[in-house]
Amino acid sequence: MKKYTDIHDIENIPKIIQEAIALKANPFQYEHLGKHKTLVMLFFNSSLRTRLSTEKAAKNLGMDVMILDINNAWNLEFKDGTIMNLDSAEHIKEAAQVISQYTDVIAVRAFPSLKNKEEDESEYILNNFTKYASVPIINMESATAHPLQALTDAITISELTNKKKPKVVLSWAPHPKALPHAVANSFIKMMQSIDVDFSITHPEGYALDPNITKNTPISYDQEEALKDADFVYVKNWSSYDNYGQVLDQNPDWMITQEKIGNATCMHCLPVRRNMVIEDAVLDSDNSAVIQQAGNRTFAAQVVLKKILENL
Amino acid sequence: MKKYTDIHDIENIPKIIQEAIALKANPFQYEHLGKHKTLVMLFFNSSLRTRLSTEKAAKNLGMDVMILDINNAWNLEFKDGTIMNLDSAEHIKEAAQVISQYTDVIAVRAFPSLKNKEEDESEYILNNFTKYASVPIINMESATAHPLQALTDAITISELTNKKKPKVVLSWAPHPKALPHAVANSFIKMMQSIDVDFSITHPEGYALDPNITKNTPISYDQEEALKDADFVYVKNWSSYDNYGQVLDQNPDWMITQEKIGNATCMHCLPVRRNMVIEDAVLDSDNSAVIQQAGNRTFAAQVVLKKILENL
Amino acid sequence: MKKYTDIHDIENIPKIIQEAIALKANPFQYEHLGKHKTLVMLFFNSSLRTRLSTEKAAKNLGMDVMILDINNAWNLEFKDGTIMNLDSAEHIKEAAQVISQYTDVIAVRAFPSLKNKEEDESEYILNNFTKYASVPIINMESATAHPLQALTDAITISELTNKKKPKVVLSWAPHPKALPHAVANSFIKMMQSIDVDFSITHPEGYALDPNITKNTPISYDQEEALKDADFVYVKNWSSYDNYGQVLDQNPDWMITQEKIGNATCMHCLPVRRNMVIEDAVLDSDNSAVIQQAGNRTFAAQVVLKKILENL
């Protein structure tokens, strides 16, 4: 693997899932691979799970880890040809080339503004790192994608079902703040790539990028959509058409025990209890959210392993 | 040891002191113990000594260390049943369970508000980590306790005296800001648990929690109290009765060379010079404050060692 | 080496340059040297290159690294005899002695205020660490010096020329903000110490400390000065006489392809493109700025190696 910025950087998804599950059973088996190798983790935004799980994954492989909260350094410039006489102190051209000299892999977290769709969709932060860095780039959640989360989700579904083609439903749920589309986007791409019966349900006005949803069935009737589901993946996102807007926080769309029945409840976390999902679900045996978060380590680890093997 | 949130988690104090002193003489003797083990250090508050000494202690034992300033992530919710539609993005239930999957031990620093006595005394941050985490918890100073400091203090007294029952006095001293009771509380508990002649002196209005001071003699006459002391442990704390208030900053209570005579002066640091303790004391051979700070490494290391041996 | 706060702490510059180049060819050759040794990096100011390269250097030598952004702890007091009843919570006397007990080497970054020349020139932060710490101090850029950068620059010049006495010109260039003199100062000292034909060019009003420039030729005519240069080292600094002032941002002094001709362009980074140096230079083969930044690792590593060998 030469980079991991999108789930389509994975050549063989079923195989990588099995490798991740094998790493979980034996996390230190490949620690020789990372000897004398360094991962730099760059954060433009907050992180809890991604930060700790990716650092742990790298250390399981014997790598050194260096973490930089970019906001503790200075503003980077991403536009070409600018006269840099304002707030930005360093151009991404220099930053990416320089950091590449101190490390073997760079992982980047850079959220969208949710204000300028075109700018967010250009993925200018992630893509400029990919363009100018001389080492592989890992996406720790960008403006439009969170492929480490999607891989975790696929691993977790694989662990939890024996069905050939389980029914998986992605359901929108209410949230007080405007959230990005990245988790939903990557989950959709992943579900379209593995053998599941996949559909999406959300209120009108919350349609995602049609270039991502493609032919996936979409319903505005949550109850109907969740019927006989094996897995319900819960996620809020802000409007894509009215870009970055919270149209309403309709509490009727909260995921309850009654709605979910015997299905397994999934969420990428952090989750706002009793707003997105009610306590009764999260505290039940049907919740897989902790297991999902635990699998973040092995999603990151299998990606790092593939990258190290290719260095 | 299954956790270290209070000094009473130590089974045998004299034995653990001797083990800490042995680690100091040979810090890397047990570095095999921490192989493939990780310590996550979570800071809700600032730290210098605790952060560096605990990280060093873990590395002396061969552990990996991951540090997260929680304020760089997001607000956690600690109340059950809340509709999380405000500032808190993640419930402690998820956070503690999730972080537990990335580490073998979690150390937490969470100071009191000093505004709500009942809330502070509930130790809701520390106790919720203990309740929901699936790995051992170490207290790096909580609302009401600082057991790593108290262990350090006991180690330092043990190093510095041959007396069977040295006279130890805890003296309040003035400070411009409202400080917590944690250091005083844990020091008192520790002195009550080892073989010393222990008393407390403070101005009227500065009585500590009677459930902690118990039968320990308390004097309002600092000069009388310090007479013939072998160790004077200096510490400011805000009022407990008028919770979190600075009643006065009476400079007469500052610790001076004249007051302390030949006694050894102890303080947990940071110390405000010429406000809490005068320069002449801190710069004299009677000051043990640097030695105390140095012993923080071995207090943390012996605690981590006991926890690792029990994993 | 007992410390590295100034380039004159190096005994034999040509020899250390050769050692650094040898480390670059074989970065892990001395990793046994740092076993059980710790570097504490203390930042009073932002850092990208210095932070990552110094951490990498230490890890290449097998050291453990602990990083503390001092602003995440509390204000330190540097004045003797103060009654500490205001903002400072801990005196440098305690801080430096305490931190020394947790580490084998301390690296410090502490920029000038550019408001009080006398205070800045006293180097009170760096010098108080040197005075009170019991372990070697490394300067990661202080008020008046950046010796790790100057060593990097000498290494880079050595790599890029076969000439016995290349012509090196330090040229001031415009910048929107008031910048320190540290990089220029240390570069000048370094150029005065190795076998180069060295001169300085800057607009009137931008004369540096005469105790540093000494007999180095200075020209106000940039075009004349750059003629036949082998290396042009570009750097902005604020006025030294009108201390810390930006007198003008004269765009005529920006470094262009036309001005630089076939000379190699050097800069310590971060660089503001099209303000300090134009794109055409930075994107050309004549730019050495990325190579310079890469050499930061080996400048730090050779310094750490010398210090470790002397512990």
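1. At what angle do helix H1 and helix H12 of chain B pack, and how far apart are their axes? In this predicted model, helix H1 (residues 13-25) of chain B packs against helix H12 (residues 289-309) of chain B at an angle of about 110 degrees, and their axes are 9 Å apart. Because angles of 65 to 115 degrees count as roughly perpendicular (under 35 is roughly parallel, over 145 roughly antiparallel, and the rest oblique), H1(B) is roughly perpendicular to H12(B). The axes are lines fitted to C-alpha atoms, for helices over the stretch in contact, with angles running from 0 to 180 degrees between N-to-C directions; helices (H or I, at least four residues) and strands (E, at least two) are DSSP runs, numbered from the N terminus.

2. On the basis of the model, local features need pLDDT of at least 70 and side-chain atom pairs count only at pLDDT 80 or more, whereas totals for chains, interfaces and linings use all residues. Residues are numbered from 1 along each chain as its sequence is written, chains are lettered from A and ligands numbered from 1 in the order in which they are written, and side-chain values use heavy atoms, with hydrogens and water left out.

3. The contact between these helices (contact means heavy atoms within 4.5 Å) is made on the H1(B) side by B:Lys15, B:Ile16, B:Glu19, B:Ala20, B:Leu23 and B:Lys24, and on the H12(B) side by residues including B:Phe298, B:Val302 and B:Lys305. By class, this contact of H1(B) with H12(B) has five nonpolar, three polar and five charged residues, where Ala, Val, Leu, Ile, Met, Phe, Trp, Tyr, Cys and Pro count as nonpolar, Asp, Glu, Lys and Arg as charged, and the others, Gly among them, as polar.

4. Chain B and chain C bury about 2700 Å² between them, 58% of it on carbon and sulfur atoms, buried area being the accessible area (1.4 Å probe) that two parts lose on being put together, summed over both. In chain B, the residues that lose the most area to chain C are B:Leu48, B:Leu52 and B:Arg273, together 24% of what that side buries. There are three salt bridges between chain B and chain C (a side-chain nitrogen of Lys or Arg within 4 Å of a carboxyl oxygen of Asp or Glu), and B:Asp283 forms a salt bridge with C:Lys93, with the closest N and O atoms 3.0 Å apart. Helix H2 (49-60), helix H11 (279-282) and H12 of chain B are the elements that give two or more residues to the side of chain B that touches chain C, and H2(B) gives the most, with seven residues. That side has eleven nonpolar, seven polar and twelve charged residues.

5. Chain B and chain A bury about 2800 Å² between them, 58% of it on carbon and sulfur atoms, and in chain B the residues losing the most area to chain A are B:His36, B:Glu94 and B:Tyr102, together 24% of what that side buries. Three salt bridges are found across the interface of chain B and chain A; B:Glu94 forms a salt bridge with A:Arg273, the closest N and O atoms being 2.8 Å apart. The side of chain B that touches chain A divides into 14 nonpolar, ten polar and six charged residues.

6. Over all chains, a search of the whole structure finds 48 salt bridges. The side chains of A:Arg51 and A:Asp69 meet in a salt bridge (3.5 Å, N to O), a pair that links A:Arg51 in helix H2 (residues 49-60) of chain A with A:Asp69 in strand S2 (residues 64-69) of chain A, 18 residues apart.
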